[in-house]
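Reader: I'm happier with a pipette than with a protein viewer. Could you walk me through how to read a few features of a fold?

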Amino acid sequence: MADYIPSTTKWVADQVELYEKSNGQEGATLRGLPVIIVTNTGRVTGATRKTPLMKVADGNGYVLVASQGGSSKHPYWYYNIKVEPRVIIRDRSETYNMVVREIENETERARLWDLAVKAYPPYQDYQDKTDRLIPVFLAEPSS
């Protein structure tokens with residue numbers, strides 16, 4: 001994998017560092033709820049990028065919500081994953097090679113959105129305050 005470039009957002013970089021340094025024993029929650037670390041490839045730099053996201057499990061997969069706190073813009077990782085859908089997900093001390101796909105089927109998206117809101121209720125507030133439809137992805141084990 002290419003060189004890692006930490007996020008320019010200090011709390012993100014600090015959380016990733018703490019999470020990885022402690023093998024998921026520390027830094028594994030945000031606002032008291034569990035998080036995972038998503039490692040992807042930067043679409044512009046080709047560098048390794050890492051983002052803590054709320055943990056939303058769906059069987060042996062993970063739901064990734066591109067909420068950006070309800071911002072009017074998608075997060076950077078959204079664009080990275082659209083270009084290169086192969087990611088590594090770290091869930092505490094375990095890592096998984098996965099492939100991510102954006103969920104566009106309304107029925108599947110509604111089911112996964114409900115799971116996400118149950119895991120992290122502020123997602124609904126984020127959707128309510130933005131005009132964009134917050135993208136929902138499903139990360140599944142790569143074969």
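Reader: Let's start with Gln68: is Gln68 buried or exposed, or something in between?

Author: Something in between. This is a predicted model, by the way, so every value here is computed. Gln68 has a relative accessible area of 43%, and since exposed means over 50% and buried under 20%, Gln68 ends up as partly exposed.

Reader: Where does Gln68 sit along the chain?

Author: In the loop between strand E5 (61–65) and H2. Have a look at the backbone there too: phi of Gln68 is near 50°, a positive value in a residue other than glycine.

Reader: Which other residue has a positive phi although it is not a glycine?

Author: Try Arg31, with a phi of about 55°. Arg31 belongs to the loop between strand E1 (29–30) and strand E2 (33–41). Arg31 is exposed, at a relative accessible area of 63%.

Reader: Okay, pockets next. What volume does the largest pocket have?

Author: About 810 Å³. Gln68 turns up again here: 32 residues line the largest pocket, and Val12, Thr51, Gln68, Pro75 and Trp77 are the ones nearest its centre.

Reader: Which elements supply that lining?

Author: Helix H1 (10–21), strand E3 (48–54), H2 and H4 each give at least two residues to the lining of the largest pocket. E3 has the largest share, with six residues.

Reader: And how do the lining residues divide by chemical character?

Author: Into 18 nonpolar, 10 polar and four charged residues.

Reader: H2 keeps coming up. Which residues of H2 are buried?

Author: Trp77, Tyr78, Asn80 and Ile81. To read a helix like this, look down its axis and see where those residues point. They cover an arc of only 165° around the axis, so they lie on the same side of H2. The face of H2 turned away from that buried side carries Tyr76 and Val83, which are exposed.

Reader: How is a pair of aromatic rings described?

Author: By two things: the distance of the centres and the angle of the planes. There are eight aromatic pairs in this structure. One of them joins Tyr78 and Phe137, with 5.7 Å centre to centre and 65° between the planes, an edge-to-face arrangement.

Reader: Which parts of the chain does the pair of Tyr78 and Phe137 tie together?

Author: Tyr78 is in helix H2 (residues 76–83) and Phe137 is in strand E8 (residues 136–141), so the pair links parts that are 59 residues apart in sequence. Tyr78 is buried at 11% relative accessibility, and Phe137 is buried too, at 1%.

Reader: Can you show me another pair to practise on?

Author: Take Tyr123 and Tyr126. Their ring centres are 6.2 Å apart and their planes are at 75°, so this pair is edge-to-face. Here the partners are three residues apart in helix H4 (residues 122–129), and therefore separated by about one helical turn. Tyr123 counts as buried at 3% relative accessibility, and Tyr126 is buried as well, with a relative accessible area of 14%.

Reader: Which residues make up the aromatic cluster that includes Tyr78?

Author: Trp77, Tyr78, Tyr79 and Phe137 form that one cluster. You've met Trp77 already, among the residues nearest the centre of the largest pocket.

Reader: What sits over the ring of Tyr4?

Author: The charged end of Lys50, 4.7 Å from the ring centre.

Reader: Last topic: distance along the chain against distance in space. How far apart are the C-alpha atoms of Gly42 and Ile81?

Author: They are separated by 8.4 Å, while the residues are 39 apart along the chain. Gly42 is in the loop between E2 and E3 and counts as buried, at 7% relative accessibility. Ile81 you know from the buried residues of H2.

Reader: And what about Tyr96 and Lys21?

Author: Those two are 75 residues apart along the chain, and their C-alpha atoms are separated by 18 Å. Tyr96 is found in strand E7 (residues 94–102) and is partly exposed at 33% relative accessibility.

Methods
Residues numbered from 1 in each chain as written. Predicted model: local features only at pLDDT ≥ 70, side-chain atom pairs only at ≥ 80, totals over all residues. Heavy atoms only, no water. Phe/Tyr/Trp six-rings, centres within 6.5 Å; stacked < 30°, edge-to-face > 60°. Helix = DSSP H or I, 4+ residues; strand = E, 2+ residues; numbered from the N terminus. Buried < 20%, exposed > 50% of the residue type's maximum accessible area, 1.4 Å probe, protein only. Lys NZ or Arg CZ within 6 Å of the ring centre and 35° of its normal. 1 Å grid on protein atoms, 1.4 Å probe; cavity = no way out; pocket = protein on both sides within 12 Å on 5 of 7 lines; lining within 4 Å. Points joined across faces, edges and corners; volume = space filled by probe spheres on them. Nonpolar A, V, L, I, M, F, W, Y, C, P; charged D, E, K, R; others polar. Arc of directions from axis to C-beta.
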